[in-house]
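Thanks for coming, everyone. I have one structure to walk through today. Let me put it on the screen.

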Amino acid sequence: RTMSRTRSYDMMASKGVRKHRWSVEFTKWRSDERTSGSPPPDPVGYAERDRGRLPREEEKGEEHDTLVEKKSWDVAIGALKQLPMNLFIMYMVGNSVSIIPIMFVGMMAFNPIKTLLNFGQVSKQFEGSQAVYQKLVFILANIALVCLAAYKCHSMGLLPLYKSDWVDFLDVRRTMEYTTGGILSDRQLATL
């Protein structure tokens, strides 16, 4: 059975018919063609029209500028890409005050603050004509993450926003009048 397949493939190869369109004929360039100096056949996927064509300098410069600008926008929008994930995490940890939610809220608050403190190093990555807008988006995205962490702290009851949270710092009121109750005798009632 194997011999019949081999023979059928050999017969098809000798007729120049390919079994599949993705099959490659390796026996085309024979030893007599190698000695005659003719070039070998083109590899699969090679097109003759691409030979010798090099990109012009203007195309390289434009392509480089677009790549730099795209990379700058990726850095600027990086914090916004974290926002949906942080929203989901905050929903999943709930509003209870325990160690896990506090760790998540702390991480969510301190990472954007740390990023904003390193803004000088990050701003060097913003290049191109839209660098000002990219810096603005970067700052606003990190501020949005800090605001989300502050909202989560408020929903957990960790932010002191009500009067009752500041009772310890209020002055003690001085008593202006003392009232006591008791039993009055008939003699005391008569004097009144």
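**Helix α6 and its surroundings**

Let me start at N142. Setting aside neighbours up to four places away in sequence, N142 contacts A79, P112, T115 and L116. A word of caution before going on: this is a predicted model.

Where does N142 sit? N142 is in helix α6. Is N142 buried or exposed? N142 is buried, because its relative accessibility is 3%, and the cut-off for buried is under 20%. Now look across to A109. N142 and A109 are 33 residues apart along the chain. Their C-alpha atoms are separated by 9.5 Å.

Let me step back to the whole chain. The protein chain has seven helices and zero strands. Read along the sequence, the pattern is α-α-α-α-α-α-α. How much of the chain is buried? Of its 192 residues, 14% count as buried. The chain exposes about 16600 Å². Carbon and sulfur atoms supply 60% of that area. Now the contacts. Take those in the protein chain with a separation of 6 or more: 60% of them come from residues 24 or more positions apart.

Next, the interior. In soluble globular proteins, nonpolar side chains tend to be buried together. Which residues make up the largest nonpolar core here? There are eight: M90, V105, M108, A109, L148, A149, C153 and M156. Two elements give two or more residues to this core, α4 (99-117) and α6 (131-156). The largest share comes from α6, with four residues. There is also a second, separate core of five residues. Among them are A76, V122, F126 and F138.

Stay with the largest core for a moment and pick out A149. Which residues does A149 touch, beyond its neighbours within four places? The answer is V105, M108 and A109.

Now over to helix α3. N86 is in helix α3. N86 is buried, because its relative accessibility is 7%, under the 20% cut-off. Not counting residues up to four places away in sequence, N86 touches M108, L145 and L148. Two of these names you have just heard: M108 and L148 are in the largest nonpolar core.

F88 is found in helix α3 too, which covers residues 57-93. Is F88 buried or exposed? F88 is exposed, because its relative accessibility is 52%, over the 50% cut-off. F88 is also part of a nonpolar patch on the surface, formed with Y91 and M92. Together, the three have about 420 Å² of accessible area.

Back to helix α6, for two more positions. Take K135 to begin with. K135 lies in helix α6. K135 is partly exposed, with a relative accessible area of 30%. Leaving out neighbours within four places in sequence, K135 is in contact with F119, S123 and F126. Of these, F126 belongs to the second core. How far is K135 from A76? In sequence, K135 and A76 are 59 residues apart. In space, C-alpha to C-alpha, they are 6.6 Å apart. A76 is in the second core as well.

Then S155. S155 lies in helix α6. S155 is partly exposed, at 27% relative accessibility. Its partner for this next point is S96. S155 and S96 are 59 residues apart along the chain. Their C-alpha atoms are separated by 9.2 Å.

Last topic, the cysteines. A disulfide is a covalent bond between the sulfur atoms of two cysteines. How many disulfides does a search of the whole structure find? Zero. Take C147 and C153 in turn. C147 is partly exposed, because its relative accessibility is 48%, between the 20% and 50% cut-offs. C153 is buried, because its relative accessibility is 16%, under 20%. C153 is one of the residues in the largest nonpolar core.

To recap. The chain has seven helices and zero strands. The largest nonpolar core has eight residues, and α6 gives four of them. On the surface, F88, Y91 and M92 form a nonpolar patch. And once more, the model is predicted. Over to you for discussion.

Note on methods: Residues are numbered from 1 along each chain as its sequence is written. This is a predicted model: local features need pLDDT of at least 70, side-chain atom pairs count only at pLDDT 80 or more; totals for chains, interfaces and linings use all residues. Side-chain values use heavy atoms; hydrogens and water are left out. A disulfide is a pair of cysteine sulfur atoms within 2.5 Å. Buried means under 20% relative accessible area, exposed over 50%, partly exposed in between (1.4 Å probe, protein chains only). Contact means heavy atoms within 4.5 Å. Accessible areas come from the Shrake-Rupley method with a 1.4 Å probe; for residues, only the protein chains shown count as cover. Patches are made of residues with over 30% relative accessible area and no salt bridge: like charges are joined within 9 Å, nonpolar side chains (Val, Leu, Ile, Met, Phe, Trp, Tyr) within 5 Å. A salt bridge is a side-chain nitrogen of Lys or Arg within 4 Å of a carboxyl oxygen of Asp or Glu. A nonpolar core is a set of buried Ala, Val, Leu, Ile, Met, Phe, Trp, Tyr and Cys residues joined through side-chain atoms within 4.5 Å.
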